[in-house]
Every structure is written in C-alpha cells, then in structure tokens.
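Student: I should like to learn how individual features of a protein model are read. May we begin with one residue and then proceed to pairs and groups?

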Amino acid sequence: MPEVAVDHTDEGRTAELHVGDVLVVTLPVNMLTGLHWEIASYDERSLSLIEETVIPPPSGGALGAGGTVAVFRFRTIAPAFSRLVLDLRRGREPDEEVQKFLLLLDIKE
C-alpha cells in the first residue's frame, strides 16, 4: 500500500490519492502548552482512520524545545473529492480551537 505523507506545509492544498493508499498527516504540537490536535471532520465513506499517535522528540533535546508531532493515519476506501479538517485545541470544548488544518482530498480508483 503506497503512503502519501503530508504536513503543516500542505495546509489548504489538495492531496491526490488512490483507493487503498494510506494518508499520513504529521503536524507539530507542543504538549507542554496543553495544545493537542483533534479530528474535526472527514468523510467516513472515503477514509478510514487507522491510528492517531503522538510521537515525542528524540531524547536529549531541551525541555519544551519542540519536536513532538501528532500523526494521523487514514486508509482511503472509496473514490471521492472530500475534506479532512483537524483542529489544534487548548481544551476539549468547541470554543477552545486555536488553529485549523484543512486538506482537500482527491481520491481516485
């Protein structure tokens, strides 16, 4: 299964995928600030969430120096033109959104 990797520099862009591909979204996050990425919305008819993880920075770095990333992995399951929206949040309430990440998806057979 081919993987298509995107990151914060792809915000607002269109990712071209094929059914069966794995979409890997990697976004920076500083857990010390209480911020975390959450899935806001995606088309469950065309994408299936495989996993959602947070990877800490390599050991030996300065505390709070960054390097922590949130990784979301989705499998494409049907052709569609859809959107994936992730929210960077400070808390769990809807009004605590700090930033959005939008990716357009063009999934072909």
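Tutor: We may begin with threonine 76, which lies in strand 6. Please bear in mind that the model is predicted.

Student: Is threonine 76 buried or exposed?

Tutor: Burial is read from the relative accessible area, with a cut-off of under 20% for buried. Threonine 76 has a value of 2%, so it is buried.

Student: Which residues does threonine 76 touch, leaving aside those up to four places away in sequence?

Tutor: Its contacts comprise Leu17, His18, Val19, Gly20 and Asp21, together with Ser46, Leu47 and Ile107.

Student: How is a pair of aromatic rings described?

Tutor: Two quantities are used: the distance of the centres and the angle of the planes. The count here comes to 1 aromatic pair. Tyrosine 42 and phenylalanine 74 form this pair, with 5.1 Å centre to centre and 65 degrees between the planes. Planes over 60 degrees apart count as edge-to-face, and the pair of tyrosine 42 and phenylalanine 74 is accordingly edge-to-face.

Student: Which parts of the chain does the aromatic pair tie together?

Tutor: Tyrosine 42 belongs to strand 4 (residues 36-42) and phenylalanine 74 to strand 6, so the pair ties together parts that are 32 residues apart in sequence. As for accessibility, tyrosine 42 is partly exposed at 22%, whereas phenylalanine 74 is buried at 0%.

Student: How many salt bridges does the structure hold, and what should one examine in each?

Tutor: The structure holds 8 salt bridges. For each, one may examine the N to O distance, the accessibility of the partners and their places in the chain. The side chains of glutamate 51 and arginine 73 meet at 3.3 Å, N to O. Glutamate 51 lies in strand 5 (residues 47-55) and arginine 73 in strand 6 (residues 69-76), so this pair ties together parts that are 22 residues apart in sequence. Glutamate 51 is partly exposed, with a relative accessible area of 35%.

Student: What are the distance and the accessibilities for the bridge between arginine 45 and aspartate 43?

Tutor: The closest N and O atoms of arginine 45 and aspartate 43 are 3.0 Å apart. Arginine 45 is exposed at 67%, while aspartate 43 is buried at 16%. Aspartate 10 and arginine 13 form another salt bridge, with their closest N and O atoms 3.4 Å apart. Aspartate 10 is buried at 17%, and arginine 13 is partly exposed at 49%.

Student: Which residues are linked in a network of salt bridges?

Tutor: Glu38, Asp87, Arg89 and Lys100 are linked in such a network.

Student: Which members of the largest nonpolar core touch the most other members?

Tutor: Among the 20 residues of that core, these are Leu23, Val25, Trp37, Leu84, Leu86, Leu103 and Leu105. Two or more residues come from each of strand 2 (14-18), strand 3 (22-28), strand 6, strand 7 (80-89) and strand 8 (97-108). Strand 8 gives the most, with 4 residues. Leucine 84 may serve as an example: its contacts, not counting residues up to four places away in sequence, include Leu23, Val25, Phe74 and Leu103. Tyr42 is also one of the residues that leucine 84 touches.

Student: Where does glutamate 44 lie, and is it buried or exposed?

Tutor: Glutamate 44 lies in the loop between strand 4 and strand 5, and at 60% relative accessibility it counts as exposed. Its C-alpha atom is separated by 9.5 Å from that of alanine 78, 34 residues apart along the chain.

Conventions
Residues numbered from 1 in each chain as written. Predicted model: local features only at pLDDT ≥ 70, side-chain atom pairs only at ≥ 80, totals over all residues. Heavy atoms only, no water. Salt bridge = Lys/Arg side-chain N within 4 Å of Asp/Glu carboxyl O. Buried < 20%, exposed > 50% of the residue type's maximum accessible area, 1.4 Å probe, protein only. Contact = heavy atoms within 4.5 Å. Phe/Tyr/Trp six-rings, centres within 6.5 Å; stacked < 30°, edge-to-face > 60°. Core = buried A, V, L, I, M, F, W, Y, C linked by side-chain atoms within 4.5 Å.
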